Amino acid sequence: MNPWSKAKLWSDFLNQVRSFFLKKGFTEVETPYLAPWYNLDPNIKPIRVEGGLFLQSSPEFFMKKLVIFGARKIFQIAHAFRDDPVDGLHTKEFLILEWYRVEEGIDAIKRDVEELVFEILNRYPPPWENISLNELFKVKLNIDLEENKERKLFLNALIRAGVKVKEDYSWEELFEAAFLSNIEPDLPRDKAFWLVDYPYPLAASSKCNGFWSTRCEAFVEGVELANGYEELDNPQEQKRRWLSRGKENEIDWEYIELLEKKGLPRCAGIALGLERLLMLKLGNKNIHEILPFSPLLKTN
């Protein structure tokens, strides 16, 4: 396909996605792409531009501010920017679909994803299976994550299990190394499912119950498609998590102030990669094959 054929295909695809949410009573919103702060999720590398501003890695906190000011069911299709390596499933600029439901939990958001994927792909009808990360670590590495929540214990357990890690890795980096080398390669590639039981160090803004967060990730045919959770509404806990990860002057203090003064209603949200969803629909294995233009491939 030439770039124009791909652009027309994208137009039809985005119309189908918008129609799905509008029929469910969602309101489409727009939020800024540039801000003096960034998402302090441990796995996200921000892109900084001149003037100390950051290209937004997701519309998450602007959308949650809309929720604080009264939004109930909102969605956004936005360009997002992350300093990731450019490969078959990643690029530094991509289209993100993000949505929020107020007074509903993560099960309602998971149902949205399952219904959207079934409508777009015409396969994998709801409901999808939950697969526990803790059970995977027990089976693959004989490691109980909660019993190894101390960094040194986790490091020693991974070394005994034969996982290649560095002595100075943080708990999050230890988890990432083990997940990428020993867990993710063996995830099912012939179905759609939810990965659940994410430990709290991996959930920057998720509600938690002790060691475990409400975070979940959708996988379809081995491709990580969406990441969501029930939103943390405690301003002191949000502040503590952000201060442990970022510089004080790069934190979204406006959001913390809104949490303190107005409060965030109970809500859940999720972000989904649209290039990956269209890639799965067309049967491709590389997101760059379905983009009208991939200028960053030439600089990789």
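Q: What makes strands 2, 4 and 3 an open sheet in this predicted model, and which strands stand at the edges?
A: The 3 strands of this open sheet come in the order 2-4-3, with antiparallel pairing. Strand 2 (34–35) and strand 3 (47–48) are the edge strands: each has a single partner strand, so one side of each is left without a neighbour in the sheet.

Q: How do you know that strand 3 pairs with strand 4?
A: Pairing takes at least two bridges between two strands. Strand 3 and strand 4 (residues 54–55) are joined by 2 bridges, so they make the cut, and they run antiparallel. Within this pair, Ile47 sits opposite Leu55 of strand 4.

Q: Why is Arg101 called buried?
A: The label needs a relative accessible area under 20%. Arg101 comes in at 7%, so buried it is. You'll find Arg101 in strand 6 (residues 93–102).

Q: What makes the links from Arg101 to Glu104 and Asp112 polar contacts?
A: The distance limit is 3.5 Å between N or O atoms. The side chains of Arg101 and Glu104 are joined at 2.8 Å, and the Arg101 and Asp112 side chains at 2.7 Å. Both values are within 3.5 Å, so the distances fit the label.

Q: Which residues does Arg101 contact once neighbours within four places in sequence are left aside?
A: Among them are Lys24, Phe26, Arg72, Lys73, Ala108, Ile109 and Asp112. Arg266, Cys267 and Ala268 are on the list too. To count as a contact, heavy atoms must lie within 4.5 Å.

Q: What makes Leu97 stand out in the largest nonpolar core?
A: That core has 41 residues, and Leu97, Trp99, Leu272 and Leu274 are the ones that touch the most other members. Helix 3 (residues 106–121) gives the most to this core, with 7 residues. Beyond its neighbours within four places in sequence, Leu97 is in contact with residues including Val17, Phe21, Phe75, Ile77, Leu116, Ile270 and Leu272.

Q: Which residues does the second core include, and how many residues does that core have?
A: It is a separate core of 28 residues, including Leu136, Phe137, Leu155 and Leu174.

Q: What makes the largest cavity count as a cavity here, and which residues are closest to its centre?
A: A cavity is space where a 1.4 Å probe fits but cannot get out. The count covers those of 30 Å³ or more, and there are 2. The largest holds about 80 Å³, so that volume clears the 30 Å³ bar. Of its 13 lining residues, Trp37, Tyr38, Asn39, Gln56 and Phe61 are the closest to the centre. Helix 2 (residues 60–68) gives the most to the lining, with 3 residues.

Methods
Residues numbered from 1 in each chain as written. Predicted model: local features only at pLDDT ≥ 70, side-chain atom pairs only at ≥ 80, totals over all residues. Heavy atoms only, no water. Helix = DSSP H or I, 4+ residues; strand = E, 2+ residues; numbered from the N terminus. Buried < 20%, exposed > 50% of the residue type's maximum accessible area, 1.4 Å probe, protein only. Polar contact = N/O pair within 3.5 Å; in protein donor to acceptor, adjacent residues only side chain to side chain. Core = buried A, V, L, I, M, F, W, Y, C linked by side-chain atoms within 4.5 Å. 1 Å grid on protein atoms, 1.4 Å probe; cavity = no way out; pocket = protein on both sides within 12 Å on 5 of 7 lines; lining within 4 Å. Points joined across faces, edges and corners; volume = space filled by probe spheres on them.
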